[in-house]
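Visitor: I am new to this protein and would like a friendly tour. Could you show me what we will be looking at?

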Amino acid sequence: MKSKLTKLVYNKPFVFILYFGLSFFAVTKSVILNHIHDNYFVYKSGFINTIHQHTPFGALRGPLHDLYHYGPVFSLVMAPFALLPDGLGVILWVMFNAWALYIAIKLLPLKDQYYLPVLLICAHELMTSSSNVEINPLIAALIILSFVFIRDKKDFWAALMICIGVFIKLYGIVGLAFFFLSDNKVKFILSMIFWSVVLFVLPMLISSPSYIIKTYHDWYGDILQKNLTNIGPSLQDISVMGLIRNLFNYRQLSNIMVLIPGIVLFGLWYLRLKLYNIVPYQLLLLASTLIFVIIFSSSSESPTYIIAFAGVGIWFMNLDRPVTWFEIGLFVFALILTSLSPSDLFPRYFRKHYVEPYKLKALPCVLIWLKIIYETITRKFDRKNQYSDESRALSQ
């Protein structure tokens with residue numbers, strides 16, 4: 001039985017069909033039923049407003065139930081999709097996001113074919129994000145690619161990945177966590193400056209300099225306002241702070257009281273200088289980064305967790321083998337409570353009365369992140385038996 005399950009997990013056609021198929025099914029169903037999620041039209045509005053030089057922030061025209069919270073560069077990203085008929089545009093947008101995350105995960109320096117189980121682990125959470133036509137799979141891909149390019153000594157392109165992420169949704173800033181993996185830090189810094197200038201100017205080609213400058217100013221105000229509205233009885237704040245606020249009814253909790261200890265724990269990775277070149281130790285940093293950016297953000301909502309769950313998948317496949325029962329328990333807990341809780345496979349009563357009000361979707365990821373921090377301090381690494389990038393390439 002175990003052998004059959006292992007073969008299935010490493011069966012490429014099966015994994016690809018499930019990974020891409022669930023998202024394709026979700027978005028195609030919405031098109032057929034004429035229920036395209038509002039997020040797509042909100043994203044599309046960013047491109048339209050940029051062309052006509054109208055502010056993309058605040059209340060939008062029409063029956064849309066969400067607001068625009070992205071930088072001007074996002075209008076360029078959406079342009080190829082916004083110019084297409086809505087049905088085709090939304091399908092291609094969702095599949096583009098899934099493809100970007102697939103490429104990023106496939107390029108990871110994982111042992112043998114371990115990237116396939118990571119795709120499988122992400123498949124259901126990706127569908128949740130795809131059902132909401134979210135940009136989060138692309139953000140996860142940009143963070144992972146910044147890690148991959150820095151490791152591959154392609155600092156110029158790593159800087160581009162980070163800058164695109166920052167100029168779209170700010171989450172990409174966590175790519176700077178990989179700075180100390182760079183062998184050419186001066187080149188990396190100069191590349192960051194270069195791409196920042198390019199991406200700042202680029203949207204002016206379809207609008208004007210004065211409009212883009214004003215839009216960045218408005219974006220800053222929009223972000224401040226959004227942070228204030230995240231805290232409360234909403235579907236956001238699925239975070240460490242949200243857990244504390246709702247489990248202990250501590251509404252006056254300041255984000256900074258939790259964020260500072262979180263940053264200190266996150267920074268423990270950098271203490272083991274001699275392990276910076278060890279691949280599994282580097283992957284601990286990547287997994288920690290992907291989870292950290294979500295569980296310590298008051299903007300986190302259910303579709304955002306594809307970013308954190310990519311970190312969960314990388315963590316699980318990067319563990320020493322054999323995996324302990326405790327680690328399996330944490331992983332299964334995350335599959336059930338984090339990944340499956342938004343779906344019809346999960347009891348609706350428990351979801352509505354416990355998971356959503358108390359932000360419990362965040363709990364497994366918080367526990368796994370703490371386990372990662374523990375590993376960064378205590379885990380032993382055998383340098384002689386570390387797998388190389390070359391051996392992984394040959395195995396594929």
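Guide: Let us start with a term: helices are DSSP runs of H or I with at least four residues, and they are numbered from the N terminus. Please keep in mind that this is a predicted model.

Visitor: Thank you. Where is Lys359 placed, going by those helix numbers?
Guide: Two helices frame this residue. One is helix H16, residues 348-355, and the other is H17. Lys359 has its place in the loop between H16 and H17.

Visitor: Is Lys359 buried or exposed?
Guide: The backbone has a peculiarity here: phi of Lys359 is positive, near 60°, and the residue is not a glycine. For burial, the cut-off is under 20% relative accessible area. Lys359 has 3% relative accessibility, so it counts as buried.

Visitor: How does Leu170 count in terms of accessibility?
Guide: Leu170 sits in the loop between helix H8 (155-169) and helix H9 (185-201). Its phi is positive too, about 70°, although Leu170 is not a glycine. With a relative accessibility of 35%, Leu170 counts as partly exposed.

Visitor: Let us step back. How many helices and strands does the protein chain have?
Guide: The C-alpha atoms of the chain fill a box of roughly 60 × 55 × 45 Å along the principal axes. As for what is inside, strands number zero in the protein chain, and the helices come to 18.

Visitor: What is the radius of gyration, and how does it sit with the globule rule?
Guide: For 396 residues the globule rule gives 21 Å, and the chain's own value is close to that, so the chain is as compact as a globular protein of that length. Buried residues make up 55% of the chain. The radius of gyration asked for is 21 Å.

Visitor: What share of the contacts with a separation of 6 or more comes from residues 24 or more positions apart?
Guide: A contact here means heavy atoms within 4.5 Å. Among the contacts in the chain with a separation of 6 or more, the share from residues 24 or more positions apart is 77%.

Visitor: How are H2 and H6 oriented to each other?
Guide: Helix H2 covers residues 12-32 and helix H6 covers residues 115-131; their axes are 8 Å apart at an angle of about 10°. Angles under 35 degrees count as roughly parallel. H2 and H6 are therefore roughly parallel.

Visitor: How do the residues of the contact of H2 with H6 divide?
Guide: On the H2 side the contact includes Phe14, Leu18 and Leu22, and on the H6 side it includes Leu116, Leu120 and Met127. By kind, the contact residues are one charged, four polar and 14 nonpolar.

Visitor: Which word describes how H14 and H17 lie to each other?
Guide: The axes of H14 (residues 305-317) and H17 (residues 363-378) come within 11 Å and cross at roughly 45°. The crossing is left-handed. Among the residues that meet are Tyr305 and Trp315 in H14, and Cys365 and Glu375 in H17. At this angle, H14 and H17 are therefore oblique.

Visitor: Which residues does Asp320 touch, not counting those up to four places away in sequence?
Guide: Asp320 lies in the loop between H14 and H15, and at 44% relative accessibility it counts as partly exposed. Leaving out residues up to four places away, Asp320 touches Arg379 and Lys380.

Visitor: Which two residues does a cis peptide bond join?
Guide: One partner, Pro322, lies in the loop between H14 and helix H15 (325-339). Omega of the bond is about 0°, and the residues joined are Arg321 and Pro322.

Terms used. Residues numbered from 1 in each chain as written. Predicted model: local features only at pLDDT ≥ 70, side-chain atom pairs only at ≥ 80, totals over all residues. Heavy atoms only, no water. Axes fitted to C-alpha atoms, helices over the stretch in contact; angles between N-to-C directions. Parallel < 35°, antiparallel > 145°, perpendicular 65-115°, else oblique. Left-handed = near helix turned anticlockwise from the far one by under 90°. Rg over C-alpha atoms; globule rule 2.2 N^0.38 Å. Buried < 20%, exposed > 50% of the residue type's maximum accessible area, 1.4 Å probe, protein only. Nonpolar A, V, L, I, M, F, W, Y, C, P; charged D, E, K, R; others polar.
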